[in-house]
Amino acid sequence: MGRQPCRAGTADVNDLECRRSPSVKLTTGLRALICLRVIQPSLVAFRRHHMTGFAAHFIAAQSDPLLDEFAKQVEVHQHTYAHRTEALFDLCVLLAVQGSR
């Protein structure tokens with residue numbers, strides 16, 4: 001028997017039916033559940049969804065002084081905005097996927 005799409009990371013939350021309207025996007029809710037560590041996605045599942053502002057939401061939800069300090073250090077670094085944003089995003093994805101606190 002094949003793996004379930006959700007477990008395999010091949011399901012897209014925006015393909016799920018919603019009681020109120022099938023056009024309602026569920027990515028915002030998925031982002032919140034990941035940021036609050038209610039669910040721990042696989043990297044494949046995480047990469048299937050575009051989550052605007054994920055790093056900022058994740059950092060705020062963690063209340064972690066070390067993570068806050070890292071974010072401040074990245075923010076003042078001389079690299080381009082794109083590189084700084086990518087560095088924060090990649091770290092937050094790693095923490096969310098690996099489940100590290």
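# Exercises on a six-helix chain

A56 sits in helix α4, where helices (H or I, at least four residues) and strands (E, at least two) are DSSP runs, numbered from the N terminus. The model is predicted: local features need pLDDT of at least 70, side-chain atom pairs count only at pLDDT 80 or more, and totals for chains, interfaces and linings use all residues. Residues are numbered from 1 along each chain as its sequence is written, and side-chain values use heavy atoms, with hydrogens and water left out.

## Exercise 1: A56 and its surroundings

Task: Decide whether A56 is buried or exposed, and find how far its C-alpha atom is from that of T85.

Solution:
- Step 1. Start with the cut-offs: buried means under 20% relative accessible area, exposed over 50%, and partly exposed in between (1.4 Å probe, protein chains only).
- Step 2. A56 has a relative accessible area of 54%, so this residue is exposed.
- Step 3. Now the distance: the C-alpha atoms of A56 and T85 are separated by 9.6 Å, and the two residues are 29 residues apart along the chain.

## Exercise 2: The chain as a whole

Task: Describe the secondary structure pattern, the buried share and the share of long-separation contacts.

Solution:
- Step 1. Count the elements: the chain has six helices and zero strands, giving the pattern α-α-α-α-α-α along the sequence.
- Step 2. Of the 101 residues in the chain, 28% are buried.
- Step 3. Contact means heavy atoms within 4.5 Å. Among contacts in the chain with a separation of 6 or more, 57% come from residues 24 or more positions apart.

## Exercise 3: α4 against α6

Task: Work out how α4 and α6 are oriented, and which residues join them.

Solution:
- Step 1. Axes are lines fitted to C-alpha atoms, for helices over the stretch in contact, and angles run from 0 to 180 degrees between N-to-C directions. The axes of α4 and α6 come within 9 Å and cross at roughly 55°.
- Step 2. Angles under 35 degrees count as roughly parallel, over 145 as roughly antiparallel, 65 to 115 as roughly perpendicular and the rest as oblique. The pair α4 and α6 is therefore oblique.
- Step 3. For handedness, a crossing is left-handed if the near helix is turned anticlockwise from the far one by less than a right angle, and right-handed if clockwise. The crossing of α4 with α6 is left-handed.
- Step 4. On the α4 side the contact uses F54, A55, F58 and I59, and on the α6 side L88, F89, C92, V93, L95 and A96.
- Step 5. Ala, Val, Leu, Ile, Met, Phe, Trp, Tyr, Cys and Pro count as nonpolar, Asp, Glu, Lys and Arg as charged, and the others, Gly among them, as polar. That gives 10 nonpolar, no polar and no charged residues for α4 with α6.

## Exercise 4: Two more helix pairs

Task: Repeat the analysis for α5 with α6 and for α2 with α4.

Solution:
- Step 1. Helix α5 (residues 65-76) packs on helix α6 (residues 81-98) at an angle of about 160°, with axes 9 Å apart. These two are therefore roughly antiparallel, and α5 passes α6 in a right-handed crossing.
- Step 2. L67, F70, A71, V74 and E75 of α5 touch R84, L88, L91 and L95 of α6. By class, the α5 and α6 contact holds seven nonpolar, no polar and two charged residues.
- Step 3. Helix α2 (residues 27-35) and helix α4 (residues 54-62) pack at about 40°, again with axes 9 Å apart. Helices α2 and α4 are therefore oblique, and their crossing is right-handed.
- Step 4. Here R31, I34 and C35 in α2 meet F54, H57, F58, A61 and Q62 in α4. The α2 and α4 contact has five nonpolar, two polar and one charged residues.

## Exercise 5: The cysteines

Task: Explain why C35 forms no bond with C92.

Solution:
- Step 1. A disulfide is a pair of cysteine sulfur atoms within 2.5 Å, and the structure holds zero disulfides.
- Step 2. The closest cysteine sulfur to that of C35 is in C92, 8.0 Å away, so the distance is too far for a bond.
- Step 3. Check burial too: C35 is buried at 4% relative accessible area, and C92 is buried at 0%.

## Exercise 6: Positive phi

Task: Compare the settings of R37 and S63, each a residue other than glycine with positive phi.

Solution:
- Step 1. R37 has phi near 60° and lies in the loop between α2 and α3 (43-47). With 17% relative accessibility, R37 is buried.
- Step 2. S63 has phi near 50° and lies in the loop between α4 and α5. With 61% relative accessibility, S63 is exposed.
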